[in-house]
Amino acid sequence: MKDMTECRERLRGIFNITVTPFTHDGEIDFAGLAANIERVIGLGYDGILIGGTYGEFPALSPEERAAIFRHVMDVVNDRVPVMLCSAGSDARVVEQLTRLAGDLGGLPMVTPPFVSEVTDAQIVSFFKRMAPLSRTGILVYNAPGIGITLAPPILEQLADIPQVVGIKQGDLNPTAIDQIANRLGGRLRLFCASDLAFLGPMMCGFDGISTTNSGALPELVLATFRALESGDAATARDLHRLWYDFRALARRHGQPQLVKAAMNLRGFNGGHVRLPLVDVGPEVIEQTRAVLQSLAADARSGVTLAQ
């Protein structure tokens, strides 16, 4: 993407949150990362998100993150839009990665600075500082998991920053979703940050979703989204119900850990997680295998298992 205008036009649909596969020794598996990207692009995903919270960015050095950005943008070669997470607690790192992401033609995804006792005014000031650094604009990531939840009034202030092109909303409180959809819809691109419960935000008028579990169930999550996108809410509901047992395991054991285990069972390049996360153990792997086998037995899922 060359500028904010093109970025806004292309920023919609279903984006795969691509996990960062690590080797047993903790090194980045760049070839595996490329293979995972090719899989979802080949299936018809509208875009990808790289190095986010489920891409384990806090466990990556700034140099590793920059290397991943460059590698991914070379692999994608502008076939689909790419969100590149430049979040961090050190504003200097955020500045460097935000500028790099925009220069590479990706869309930087920026969270509030997750430091203690930061005020709302300081958060707004931070985004005003970061947004002009990228020629493609920035995506505000409202990520309660890092300890800060941006209330709708703050998001409205951020929407007034010219270079903010969208919001990835992780707070799925129905009141917040309703306010954001009806006050910011049409002004910015709105993305639901969770595939665990995306039907509601999409029905409210959001422009798209980002999905970690599509690393393990790319066919099923894509079919669910496309059904809803085409107006077939009943089919979307039924398909979403199909993988409830998988979501339950992910909630219990952590999404990157469970998704990577399932990817490995399917013959994909899930690899390992990096400390402080720990790979799931044999018992959970067998529970995951049983869930995948159940899904594979239902033709609607599109799921197959590695032989």
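## Pockets

Ala, Val, Leu, Ile, Met, Phe, Trp, Tyr, Cys and Pro are counted here as nonpolar, Asp, Glu, Lys and Arg as charged, and the others, Gly among them, as polar. Sorted in this way, the lining of the largest pocket in this predicted model comprises 11 nonpolar, 6 polar and 1 charged residues. The pocket encloses about 330 Å³ of space, and of the 18 residues that line it, those nearest its centre are Thr53, Tyr54, Tyr141, Ala143 and Gly145.

The second largest pocket, with a volume of about 170 Å³, is lined by Thr53, Tyr54, Glu56, Pro58, Ala59, Pro256, Gln257, Pro276 and Leu277. Thr53 and Tyr54 therefore belong to the linings of both pockets, given that a lining residue is one with an atom within 4 Å of a pocket point. By class, the lining of this second pocket has 6 nonpolar, 2 polar and 1 charged residues.

## The enclosed cavity

Apart from these pockets, the structure holds 1 cavity of 30 Å³ or more, and about 50 Å³ of space lies within it. Its lining is made up of Asn16, Thr18, Val19, Asn36, Arg39, Val40, Ser214, Gly215 and Met263. Two elements, β1 (13-18) and α2 (30-43), each give two or more residues to that lining, and α2 gives the most, with 3 residues.

In its composition, the lining of the largest cavity has 3 nonpolar, 5 polar and 1 charged residues.

## Helix α5 and the loop that follows

The buried residues of α5 (120-130) are Ile123, Val124, Phe126, Phe127 and Met130. Because they cover an arc of only 155° around the helix axis, these residues lie on the same side of α5. The face turned away from this buried side carries the exposed residues Ala121, Lys128 and Arg129, whereas the cover over the buried residues includes α4 (91-103), β4 (107-110), β5 and α6 (152-159).

Ser134 is found in the loop that runs between α5 and β5 (138-142). Its relative accessible area is 5%, which is under the 20% limit, and Ser134 is therefore classed as buried. When its neighbours within four places in sequence are left aside, Ser134 is in contact with Thr98, Gly102 and Pro108.

## Helix α13

Helix α13, which covers residues 282-296, has 15 residues and reaches 21 Å from its first C-alpha to its last, close to the 21 Å expected at 1.5 Å a residue. Its buried residues are Val284, Thr288, Val291, Leu292 and Leu295, and they line one face of the helix because, seen down the axis of α13, they fall within an arc of 100°. An α-helix has 3.6 residues a turn, so residues three or four places apart point the same way.

On the other side of α13, Pro282, Glu283 and Ser294 are exposed. The elements that cover the buried residues of α13 include α9 (218-229), α10 (233-242), α11 (244-253) and α12 (255-265).

Technical notes: Residues are numbered from 1 along each chain as its sequence is written. This is a predicted model: local features need pLDDT of at least 70, side-chain atom pairs count only at pLDDT 80 or more; totals for chains, interfaces and linings use all residues. Side-chain values use heavy atoms; hydrogens and water are left out. Helices (H or I, at least four residues) and strands (E, at least two) are DSSP runs, numbered from the N terminus. The expected span of a helix is 1.5 Å times one less than its number of residues. Buried means under 20% relative accessible area, exposed over 50%, partly exposed in between (1.4 Å probe, protein chains only). The arc is that of the directions from the helix axis to the C-beta atoms. Contact means heavy atoms within 4.5 Å. On a 1 Å grid over the protein atoms alone, a cavity is a set of points where a 1.4 Å probe fits but cannot get out, and a pocket is an open set with protein on both sides within 12 Å along at least five of seven lines; lining residues have an atom within 4 Å of a point. Grid points are joined across faces, edges and corners, and a volume is the space filled by probe spheres set on the points.
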